[in-house]
Amino acid sequence: MEKEKYVAYVSTYTYGNKSNFGIRIYNVDMENGRFMEKDQVEITNSSYVTISHNRKYLYSITDFGVESYRILEDGSLEVINHASINGMRGCYLSTDYEDKFLFVAGYHDAKLTVLRVRENGEIGEITDEIYHKGLGSIAERNFKPHINCVKMTRDNRFLCAADLGMDHVVVYELNHMNGRLRQVDIIRSEQESAPRHLKFSKDGKLLYVVHELKNYIDVYTYSVDKEHRMPVFEKIQNISTLNDYHAGGSAASALNISEDFKYLCSSNAGDNSVVLYSIDENTGMLTKILCLPISGDYPKDAALFPDSRHLVSLNHETNSMTFFDVNMEEGTIVMNGPELKVDRPNCIIFYKLK
């Protein structure tokens, strides 16, 4: 039986670097939990990438807006087109589950942009633009809205936009014909908690929200009120991303679910640690397995390999990726070789080759 082959896409910042290559592609050594560099893609400040749900296309943030790529058979990328988002550079992007619309979150200008996606993966025109407004509570950082993540519910009805400046997640209904959004709900977090990233469970009935400033994850059930056709979110758990003993000034960052949906992974900048949880298959609630150092500074993203036996941490301030063997039963991670140098890594996606 032939082993499954994977590549990993790592998006990076290019400003201040001598490199113009914002996306790096690696062959994944699943057996040893390591990467071998395969290719580099010329793009400015690719702060975040996403893959379409039909697995054919990759979309990236760039200084000029957004860019689309065709994923070739060997995992290489072929540019299709780029499009303006008519605003400041975005920080996160995702598609709806039919791959008809692309959503872009604006951290700097608090703008949510919706663009049409064509069947060939090309990015089309802007169909909606929404600016979040208001005043937050911390003058240094949260004095204004910052949209940091945009994610559709798995039933493809509602778009959730995490606003870490305003400490809430705004829920919009998507009109699938004209690509416009209508606000229908707000999920309020604690003041000064800064909801950063969102993930839904495999069946779509649970929502996980990591909070940057208060270093915890909230777990919500998600359902739809049949009578009013409105979303209903109910909090069922709040769990820390840190140990009881930890570095001060820590900020929770990553949020990734394992390929088999059994584990959830987050990271803590400042504390420079990674945290792994098991996901209860009946309730969706989290149980902490470990929280351990990642041998780097400011882990912007961290993810389990598809086999959940290895882990990679993207260390933004030390310009490195560090690799670990994971033992879930014993609750340990052990570094499995030297760090890999990469300038200002920000986001990673594993991709299974056909």
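The following paragraphs lead through two sheets, two pockets, the cysteines and several loop residues of a predicted model.

Because the model is predicted, local features are taken only where pLDDT is at least 70 and side-chain atom pairs only at pLDDT 80 or more, while totals for chains, interfaces and linings use all residues. Residues are numbered from 1 along each chain as its sequence is written, and side-chain values use heavy atoms, with hydrogens and water left out.

The description begins with the sheets. Strands here are DSSP runs of E with at least two residues, numbered from the N terminus, and two strands count as paired if DSSP finds at least two bridges between them. One open sheet has four strands in the order β3-β2-β1-β29, with antiparallel pairing. Its edge strands are β3 and β29, each of which pairs on one side only. Neighbouring strands of this sheet are turned by 25° against each other on average, direction ignored; the axes behind such angles are lines fitted to C-alpha atoms, and angles run from 0 to 180 degrees between N-to-C directions.

Within this sheet, β2 (residues 21-29) and β3 (residues 34-42) are antiparallel and share eight bridges. N27 has M36 in β3 as its bridge partner, and R24 is matched in β3 with Q40. The two strands form a hairpin with four residues between them, and G33 in the turn has a positive phi of about 65°. R34 belongs to strand β3. R34 counts as buried, since its relative accessibility is 15%; buried means under 20% relative accessible area, exposed over 50%, and partly exposed in between, with a 1.4 Å probe and protein chains only. From R34 to A254 the separation is 220 residues in sequence and 20 Å in space, C-alpha to C-alpha.

A second open sheet of four strands follows the order β16-β17-β18-β19, again with antiparallel pairing. The edges are held by β16 (195-200) and β19 (230-240); each has a single partner strand, so one side of each is left without a neighbour in the sheet. On average, neighbouring strands of this sheet are turned by 25° against each other, direction ignored. Strand β18 (residues 216-225) is joined to β19 by ten bridges, and the two run antiparallel. One of the residues involved is V224, whose bridge partner in β19 is P231.

The pockets come next. Rolling a probe the size of a water molecule over the atoms shows where empty space is left. On a 1 Å grid over the protein atoms alone, a pocket is an open set of points where a 1.4 Å probe fits, with protein on both sides within 12 Å along at least five of seven lines, and lining residues have an atom within 4 Å of a point. A volume is the space filled by probe spheres set on the points, which are joined across faces, edges and corners.

The largest pocket holds about 980 Å³ of space. It is lined by 31 residues, of which R55, R154, K199, I257 and I349 are the closest to its centre. Elements that give two or more residues to this lining include β16, β20 (251-257) and β24 (299-304), while β29 gives the most, with four residues. By class the lining has 17 nonpolar, seven polar and seven charged residues; Ala, Val, Leu, Ile, Met, Phe, Trp, Tyr, Cys and Pro count as nonpolar, Asp, Glu, Lys and Arg as charged, and the others, Gly among them, as polar.

The second largest pocket has a volume of about 420 Å³. Of its 24 lining residues, Y13, N148, R196, K300 and N346 are the closest to its centre. The elements that give two or more residues to this lining are β16, β20 and β24, and the largest share, three residues, comes from β16. The lining divides into eight nonpolar, eight polar and eight charged residues.

A disulfide is a covalent bond between the sulfur atoms of two cysteines. With a disulfide taken as a pair of cysteine sulfur atoms within 2.5 Å, the count is zero. The sulfur of C160 lies 9.0 Å from the closest cysteine sulfur, in C149, and is therefore too far for a bond. C160 is buried, at 0% relative accessibility. C265 is likewise in no disulfide, as the nearest cysteine sulfur, that of C291, is 10 Å away; C265 is buried, at 1% relative accessibility.

Two loop residues complete the account. D99, in the loop between β8 and β9 (101-105), has a positive phi of about 55° although it is not a glycine, and D99 is buried at 10% relative accessibility. D167, in the loop between β13 (158-163) and β14 (168-174), has a positive phi of about 60° although it is not a glycine. D167 is buried, with a relative accessible area of 6%.
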